[in-house]
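User: I've got this one open in the viewer. Can you walk me through it?
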There are 2 protein chains.
Amino acid sequence: MDLERSPLALPFPEIPPIAGVTLRVARAQYKTWDRCDLTFVELAEGTSVAGVFTQSACASSEVELGREQVKSGTARALIVNAGNSNAFTGYRGREAVEAIQLQVSEALGCSTQQVYVSSTGVIGVPLPMDKARAGVAGALASEPCEWEDVASAINTTDTFNKGAHASAMVGDTRVELGGIIKGSGMIAPDMATMLGYIFTDADVAPAFLQELLSAANLGSFSCITVDSDTSTSDTVLAFATGKAGNARIEGWDSPGADAFAAGLTDMCRQLAQLVVRDGEGATKLIGIRVSGAANDESARRVGLSIANSPLVKTAIAGEDANWGRVVMAVGKAGEPADRDKLSIAFGGVWAARNGLPVEDYDEAPVAAHLKGQEIDIAVDLGLGEGRATIGTCDLTHGYISINADYRS
Amino acid sequence: MDLERSPLALPFPEIPPIAGVTLRVARAQYKTWDRCDLTFVELAEGTSVAGVFTQSACASSEVELGREQVKSGTARALIVNAGNSNAFTGYRGREAVEAIQLQVSEALGCSTQQVYVSSTGVIGVPLPMDKARAGVAGALASEPCEWEDVASAINTTDTFNKGAHASAMVGDTRVELGGIIKGSGMIAPDMATMLGYIFTDADVAPAFLQELLSAANLGSFSCITVDSDTSTSDTVLAFATGKAGNARIEGWDSPGADAFAAGLTDMCRQLAQLVVRDGEGATKLIGIRVSGAANDESARRVGLSIANSPLVKTAIAGEDANWGRVVMAVGKAGEPADRDKLSIAFGGVWAARNGLPVEDYDEAPVAAHLKGQEIDIAVDLGLGEGRATIGTCDLTHGYISINADYRS
């Protein structure tokens, strides 16, 4: 199935080389396609690592192993397989990952625990070990490549290559962050999975890198949704090579910790938004700003209830300022809400305030706003100080075409 | 918008008259349409009542009042307005309901608390009190009508009239149950709402009727979903006129209590399935049988996670035995699950057992099953004894057309 490039696509950004990060791609031919589908990133000795993973109770072997590996705090390599997720393949799936780890550790002279593996694609089929072996060997023998090459090689049904750049001043040292991500649903195990990788030359202690990544995740990857479906393989890893020469960031008291945290947060938000921009069938990017909730977590849940509502998403697809559907989605969220304190705005124009339609509500500017590509929905619950912003996309015939008309 | 009759529609059944129940309809003209849109059901003195209502935190005034009214246990009339849900209309919405209650109570010589009102249709517009008043007057002056007339008058975007019949032997007395329901999404406040009404001539104490209805609801209306969206107005009311002449059913020890409970449960399941059959855009009815869960409630949640997954629903629409999407939906349910104990079958054929694809899996009978209109998915979690069966429908271009292409 050929998918058209998302109308919300952004051009691939300039990302500078990150010292200590060497990018390579190869053709493992996990599917019969004419493209690179194996990514091999070599990381300098001493690289710190942190990760966040899917909450799925049926996670893949890659996720199970990765959760354990990040506890060690160090990394030397990342391998990403595209075209086969190796999920729901039992002990054979685990053996396939361990074989890759062994091959790479022997080539680089590192521990198998320092080799991180991700896989995305069809599920229920164990990763073919011969193809993986040949692919890794091919990558090892190849010339280093560019950021967009790896961004492309990790894609499956994505319609554009997704990357981001950020930087921060750590003391007197400028550190760079480069990131790539793939994903276009939230997300089908056989069609797509969110995999994100962030690389920086900053020197950051692993425990603090994990703290920062977990915090940034809460406001970025945990605040987006395409279709409410959570992959068994979702993974975001952050690698810090330490080659920039800054004094190691050990915690919040270290010089530049705030700046680095801001850069990492910026990076996560950029990457998360790119996934929504490639949402299956998406024609509009929707930002849902929830305020006045009992607390921030309650605001996030209310926002996700709105963002996951098929009726809200189809209303936006239809350019219909249907605030009744927003009321419905607030009501079903299972969070504190009071119908008579609820206010709703589209594009900054309040349609309902304190549980009543606004008397002199002017629909003309709202109709104009809804014809655009970036839609703003504000919901004030009128209860407390909790806030969250959720990113999603609309639900269109394109989503149905991708997921129903296509046969696996 | 003219909607085509659902391909899953059933013919309207024969429902006998229920003693003590008088049906009338009228044209309130809540919308500019050529049909009856106000239903007036008069109930004999001494009628018991029970109800279950939406869990929405933003429920309509009708629901708020109804929740209080059923505590009294008696009813004399039911009014259903179609075309305007009167939801999110603040104090004016409440005044409109109270005006109807007053008008009906004066006509029948009963308490306002014995007059039950439901409304379904567009939200955010207070129910026009002049139209409601004229409609009620028109109904009072009209001849009684048939079951299918009231089943039709409560509809909004429904594509067929939905009713059911059951009976039970209470001691030596045969009692009849007649029910009607409307709803085609789960459900948009401005497009549809699930409203169900059950009438019986049995003599049942209100407290026990409530106990039975609440229990039946758990296995019927709480086990269906079209699109995961919960209306602000969902209501099911059961009325028992006592005209059959049976010895009053006071509790489980009363003669015929088991038989009546079975009849009521049968009625609720029939009505619930009819709503799924009219699911917006539905082309296939899906039954999801979950077993081996930690407990029954856990099984229900896992089943609803599968039934609400856009990716599972689109796979069924595409006649694709995509069990990987079922694994994904189990994994995201937030309930106990173990990937390596999970088994999945379509149409009775196991595709995966204990976390592994079945070696000699024959897809041919599964493909044939998926081409049919009634799809069976079985999921065994391999953990405990919990069971549930969930009913839903597929997600198709029709759903998008109804909810996105249409402008309110």
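User: How do the copies meet, and what share of chain A's interface residues are also interface residues in chain B?
Analyst: This is a predicted model. In it, 96% of the interface residues of chain A are interface residues in chain B too, so the copies meet through the same surface.

User: What turn and shift lay chain A on chain B?
Analyst: A turn of 180° with a shift of 0.0 Å along the axis, and the RMSD is 0.0 Å. That is how a two-fold axis relates its copies.

User: Which C-alpha of chain A is nearest the axis?
Analyst: That of A:H397, which is 2.9 Å from the axis.

User: How many residues does each chain put into the contact?
Analyst: Chain A gives 51 residues and chain B gives 49 residues. On the chain A side, α8, α9 (323-331), β12 (356-357) and α11 each supply at least two residues.

User: Which element of chain A gives the most?
Analyst: α9(A), with six residues.

User: And by class, what is on that side of chain A?
Analyst: The side of chain A that touches chain B has 23 nonpolar, 18 polar and ten charged residues.

User: Stay with α11, but in chain B. Which of its residues are buried?
Analyst: Helix α11 of chain B covers residues 397-405. Its buried residues are B:G398, B:Y399, B:I400, B:I402, B:N403 and B:A404.

User: What do they pack against?
Analyst: Chain A elements: α8 (310-317) and α11 (397-405).

User: What about α1 of chain B, which residues are buried there?
Analyst: In α1(B), residues 61-69, the buried ones are B:S61, B:E62, B:V63, B:G66 and B:Q69. Their cover includes β2 (38-53), α2 (90-108), β4 (115-122) and β8 (235-240), which belong to chain B.

User: Switching to the core. How many residues are in the largest nonpolar one?
Analyst: It has 267 residues. A:V330 and B:V330 have the most contacts inside that core.

User: What does A:V330 touch?
Analyst: Leaving out residues up to four places away in sequence, A:V330 touches A:V302, A:S305, A:I306, A:A337, A:L342 and A:V379. It also touches B:C58, from chain B.

User: How is chain A divided into domains?
Analyst: Into domain 1 (21-277) and domain 2 (285-405). Their centres, taken over C-alpha atoms, are 32 Å apart. The contact between them takes ten residues from domain 1 and twelve residues from domain 2.

User: What classes are on the domain 1 side?
Analyst: Six nonpolar, three polar and one charged residues make up the side of domain 1 of chain A that touches domain 2.

User: One residue I'm curious about: where is A:Q114?
Analyst: A:Q114 is in the loop between α2 (90-108) and β4 (115-122) of chain A.

User: Is A:Q114 buried or exposed?
Analyst: Buried, because A:Q114 has 21 C-beta neighbours inside 10 Å; the cut-off for buried is 20 or more.

User: Which residues does A:Q114 touch?
Analyst: Not counting residues up to four places away in sequence, A:Q114 touches A:T74, A:A75, A:R76 and A:A77. A:A75 is 39 residues from A:Q114 along the chain, yet their C-alpha atoms are separated by 4.3 Å.

User: Now confidence. What is the mean pLDDT of chain A?
Analyst: The mean is 88, and 95% of the residues of chain A reach 70 or more. For the complex, the predictor gives an ipTM of 0.80 and a pTM of 0.81.

User: Where in chain A does pLDDT stay under 50?
Analyst: Over residues 186-192 of chain A. The model has 42 contacts beyond four places in sequence for that stretch. Predicted coordinates should not be read in detail where pLDDT is low.

Key:
Residues numbered from 1 in each chain as written. Chains lettered and ligands numbered in written order. Predicted model: local features only at pLDDT ≥ 70, side-chain atom pairs only at ≥ 80, totals over all residues. Buried ≥ 20, exposed ≤ 12 C-beta atoms within 10 Å, placed from the backbone. Helix = DSSP H or I, 4+ residues; strand = E, 2+ residues; numbered from the N terminus. Contact = placed C-beta atoms within 7 Å. Core = buried A, V, L, I, M, F, W, Y, C linked by C-beta atoms within 7 Å. Least-squares fit on C-alpha atoms with pLDDT ≥ 70 in both. Domains from an automatic or database assignment. Nonpolar A, V, L, I, M, F, W, Y, C, P; charged D, E, K, R; others polar. pLDDT = per-residue confidence, 0-100.
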